[in-house]
Each structure stands twice: as structure tokens, then as C-alpha cells.
Amino acid sequence: MNTESQLSEVAVLRERARKHVEDGAVTAGYDADRAQVLRLLNEALATELVCVLRYRRHHFMASGIHSQSVAGEFLTHSEEEQGHADELAARIVQLGGSPDFSPDTLTARSHAEYVEGGTLAEMIRENLVAERIAIDSYREFILYLGEQDPTTRRMLESILAVEEQHADELADLLQGVAV
């Protein structure tokens, strides 16, 4: 296959770049349904924000013999989820959208639930459930994007790797705590 035939002439690239310059990073070569991608990114943002809040609550509410180390893990996960939220919000803006931080509709847009959990084991379990939901959500989003938006796909793949790590850590913690 001759990949050179797929490359645009420099003059064509220059001409296309000058058209719709106000669209910033979104060029004519963007193949995804931008409205759909923005909707899905805002759902992912809501999911991350709900996870931040749930992990923060669990950090402060953790009690019992294993609570200190588990609370520290909850805090670390909360901070990492906030980082994901920031990445998602920045990408939404880059694609010409508006990140939706509205607390009024946050839980309705989130894929994960905000479950308080009464015991340390319940908190770990609820966070593990949320991570598993995030893992499946991100996998489906990545498959949906395919090659249409490689920048968003790579960002989501990076976030997915951290969510899988969180799930693994929580599964280990759950084994060490009386259920």
C-alpha cells in the first residue's frame, strides 16, 4: 500500500488550515460526531466528579483497624480522579464545547453512583463497583471513537489504565478487610 498517496500536498494543508480558523484544533479532518463526543465527554466528566466526591467522603469517614492506610488510598484515588476530570474538561473546551460542572445534574449524568457506604468494606466495595463501571464506560467510548478522534482516544486509554489500576488496588484492599 502506498501511504504517500494518502498524504495531502503542503499547499492543500495550508489552504485548509486557513478555513474556519476560529474552530481551533477542530479541523476538516476531524471525523467524529463532535456533538456526540462532547456529550460522552461530559458524561465521563460527571462520572469522574462523582468519584472524586465519593472518594473524598470515604477518605474522611474511614474508620477501623485498617482505616488509616485505606483512607490514604481513597485520598490518592480522589486526587487522580480530579486529574481525570481536569483532562476531560480541557478536551471538551479544545473541541469547542463547554464542560458541564453543574451540581444540579451531576449524578444524573454520571455513570457511577454516589453511594456513601457505612463500613470500610462497604466503602471499598462501592468504590470498586464505580471503578468497574468506569472501566466498561471508557472501553465502550474508546471503541466508539476508533480512529475518528485519536487524541481523545489516547487520553481515554490513559485514564482507563489508571481506572484499571484503581480497581486492582481496591480488590486487594477488599480482601484484607472483614466484609
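I sort residues into three classes: Ala, Val, Leu, Ile, Met, Phe, Trp, Tyr, Cys and Pro count as nonpolar, Asp, Glu, Lys and Arg as charged, and the others, Gly among them, as polar.

**Ground rules.** I am working on a predicted model, where local features need pLDDT of at least 70, side-chain atom pairs count only at pLDDT 80 or more, and totals for chains, interfaces and linings use all residues. Residues are numbered from 1 along each chain as its sequence is written, and side-chain values use heavy atoms, with hydrogens and water left out.

**Pocket entry.** I looked up the second largest pocket (on a 1 Å grid over the protein atoms alone, an open set of points with protein on both sides within 12 Å along at least five of seven lines). Its volume is about 180 Å³, taken as the space filled by probe spheres set on the points, with grid points joined across faces, edges and corners. The lining (residues with an atom within 4 Å of a point) consists of Leu40, Glu43, Ala44, Thr47, His111, Ser137, Tyr138, Glu140 and Phe141. I sorted these residues into 4 nonpolar, 3 polar and 2 charged. Helix H2 (34-61) and H5 each supply at least two of them. Helices here are DSSP runs (H or I, at least four residues), numbered from the N terminus.

**Cavity entry.** Next I searched the whole structure for cavities (sets of points where a 1.4 Å probe fits but cannot get out). I found 1 of 30 Å³ or more. The largest cavity has a volume of about 40 Å³. Arg54, Ala112, Glu113, Val115, Glu126, Val129, Ala130 and Ile133 line it. That lining has 5 nonpolar, no polar and 3 charged residues. Helix H5 (residues 120-145) gives the most, with 4 residues.

**Core entry.** I then turned to the largest nonpolar core (buried Ala, Val, Leu, Ile, Met, Phe, Trp, Tyr and Cys residues joined through side-chain atoms within 4.5 Å). Of its 45 residues, Val37, Leu41, Phe74, Leu88, Ile124, Tyr138 and Leu156 touch the most other members. H2, helix H3 (67-94), H5 and helix H6 (150-176) each supply at least two residues. H5 gives the most to this core, with 12 residues.

I checked the contacts of Leu41 (heavy atoms within 4.5 Å). Leaving out residues up to four places away in sequence, Leu41 touches Leu88, Arg91, Ile92, Leu95, Phe141, Thr152 and Met155.

**Asn127 entry.** Is Asn127 buried or exposed? Asn127 is buried, with a relative accessible area of 0%. Buried means under 20% relative accessible area, exposed over 50%, partly exposed in between (1.4 Å probe, protein chains only). Asn127 lies in helix H5. Beyond four places in sequence, Asn127 touches Arg54, Tyr55, His58, Phe74 and Leu170.
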